[in-house]
Amino acid sequence: MGKKSYGWLLLVLLTLLLGACSEEGNSEASASDDVVDIVWYPSESGSDMKSSRDDIGEVIAEATGREVKHHLTTDYAISIETMVNNNAELAFMGAQGYIEAKERNDSIQPLVVSTGESGTLDDAVYHSWLAVNVDDVNNYKENGEFSLDTIADKKMSFVSNSSTSGFKVPASDLIAHFSDKSLTEEDLMEGGPLFSQVLFGNSHQGSAVNLLKGSADVAAFCDTCVENYVELVEGEANRPGSIYRVKDNAAEPFSLVKGKEFVLISVTPVLNAPFVGNIDLLGEDGFKKLQDYLSSDEVANNEKIFVPEGSDQSALFFKSGEERLAPVDDEWFNPIRELSK
């Protein structure tokens, strides 16, 4: 056989090989269409939240007719990158994380958020806290009132610079309060310009524990993110001066600081966190079908999703009044966008 014959045979074999590889790749892509991957932030990735994740997964599976896989993370950036790179169809993330992901991948769109007690978006908020250890409370008062001036030069713990309530909102409050210092968000990410030291807990639970174990003097975290672990022991919920205690049966990481108490020195309302979807991966029909199902009465009345208040079960949502999931559009998050301007 001549050189030309060998060349022709090699070309045929190469074509067949590439064809086989292409078919295998298409087969894998087709198989992935049968799976919905949902990404969870670190605060919702703990073992104590598994039953809640699974229950929400069942609802998503029922709505889509597809298997649901949970993508757990230990870092906000991983959650955002996973969505941006089209490696997941869904995510539960804070408003700031959604905004960052949306800026880099326009196919990411909000599906639903949990409403307030009214059952509407009018009161669809949770709360960003600045807290200190209860024994140190008098160090953060001036003339008997809490003052943000007192946190200068202290050790500060945030959640992540992509956290809405654990960084973005408190950073905006602090920049406005210390306007004479001309601070930027970057200034608040490191010790020097305002704080003696800055820590990041990588989750709301982690930031709270940084405070309670003494690594930080002040910590930012949100109410709903720690409600499974703490109880109100004095004052009114979500009011400066209120005292919370870590429950005796608190799961990790709060098991390390059982019985410890902290007091709120600042409370700021924040827009509720959305479930977001990649419309290119879900398809417009799939996106709309999922949105409609999640915002249905069936889901609103599902006690596995909206756990009755007072339950000892850890959950993502606790039923309060007429609370439910409701459709939301991109413009609803503009107040958080404005914080960066």
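Start by selecting strand β5 (residues 125–133) and strand β10 (residues 218–222): five bridges join them, and the two run antiparallel. Keep in mind that this is a predicted model. For one rung of the pairing, pick L130; its bridge partner in β10 is A220.

**The sheet**

Now widen the selection to the whole sheet. It is open, has seven strands and shows mixed pairing. Follow the order β9-β8-β10-β5-β13-β12-β11. Which strands stand at the edges? They are β9 (197–200) and β11 (230–234). Each has a single partner strand, so one side of each is left without a neighbour in the sheet. Look along the sheet for its twist: on average, neighbouring strands are turned by 35° against each other, direction ignored.

**Helices on the sheet**

Add helix α5 (residues 164–177). It lies across β5, β8 (155–158), β9, β10 and β13 (261–271). Against β5, helix α5 runs at about 75°.

Next, show helix α6 (residues 204–212), which also packs on the sheet. Helix α6 touches β5, β8, β9, β10, β12 (243–246) and β13. Compare directions with β10: the angle is about 155°.

**The largest nonpolar core**

Move on to I56, I60, L90, F275, L316 and F317. These have the most contacts inside the largest nonpolar core, which has 27 residues. Which elements give two or more residues to this core? Colour β1 (35–40), α2 (50–64), β3 (90–92), β4 (108–114), α8 (279–282) and α9 (284–294). In soluble globular proteins, nonpolar side chains tend to be buried together.

Centre on L90. Leaving out residues up to four places away in sequence, L90 touches V36, D37, I38, V39, I60, M83, L111, V276, G277, L282 and L290.

**A glutamine in α9**

Select Q291, which sits in helix α9. Is Q291 buried or exposed? Its relative accessible area is 12%, so Q291 counts as buried, the cut-off being under 20%. Show its surroundings: beyond neighbours within four places in sequence, Q291 is in contact with P110, L111, V112, P327 and V328. L111 is also among the residues that L90 touches.

**Helix α3, end to end**

Finish at helix α3 (residues 76–84). Its buried residues include Y76, S79, I80, T82, M83 and V84. M83 is another residue in the list of L90 contacts.

Zoom in on the start of α3. There, a side-chain oxygen of D75 comes to within 2.7 Å of the backbone nitrogen of A77. Then go just past the end of the helix, to N86, which takes a positive phi of about 60°.

Note on methods:
Residues are numbered from 1 along each chain as its sequence is written. This is a predicted model: local features need pLDDT of at least 70, side-chain atom pairs count only at pLDDT 80 or more; totals for chains, interfaces and linings use all residues. Side-chain values use heavy atoms; hydrogens and water are left out. A nonpolar core is a set of buried Ala, Val, Leu, Ile, Met, Phe, Trp, Tyr and Cys residues joined through side-chain atoms within 4.5 Å. Buried means under 20% relative accessible area, exposed over 50%, partly exposed in between (1.4 Å probe, protein chains only). Helices (H or I, at least four residues) and strands (E, at least two) are DSSP runs, numbered from the N terminus. Contact means heavy atoms within 4.5 Å. Two strands pair if DSSP finds at least two bridges between them. Axes are lines fitted to C-alpha atoms, for helices over the stretch in contact, and angles run from 0 to 180 degrees between N-to-C directions. A polar contact is a pair of N or O atoms within 3.5 Å; within protein, one must be able to donate a hydrogen and the other to accept it, and residues adjacent in sequence count only if both atoms are side-chain atoms.
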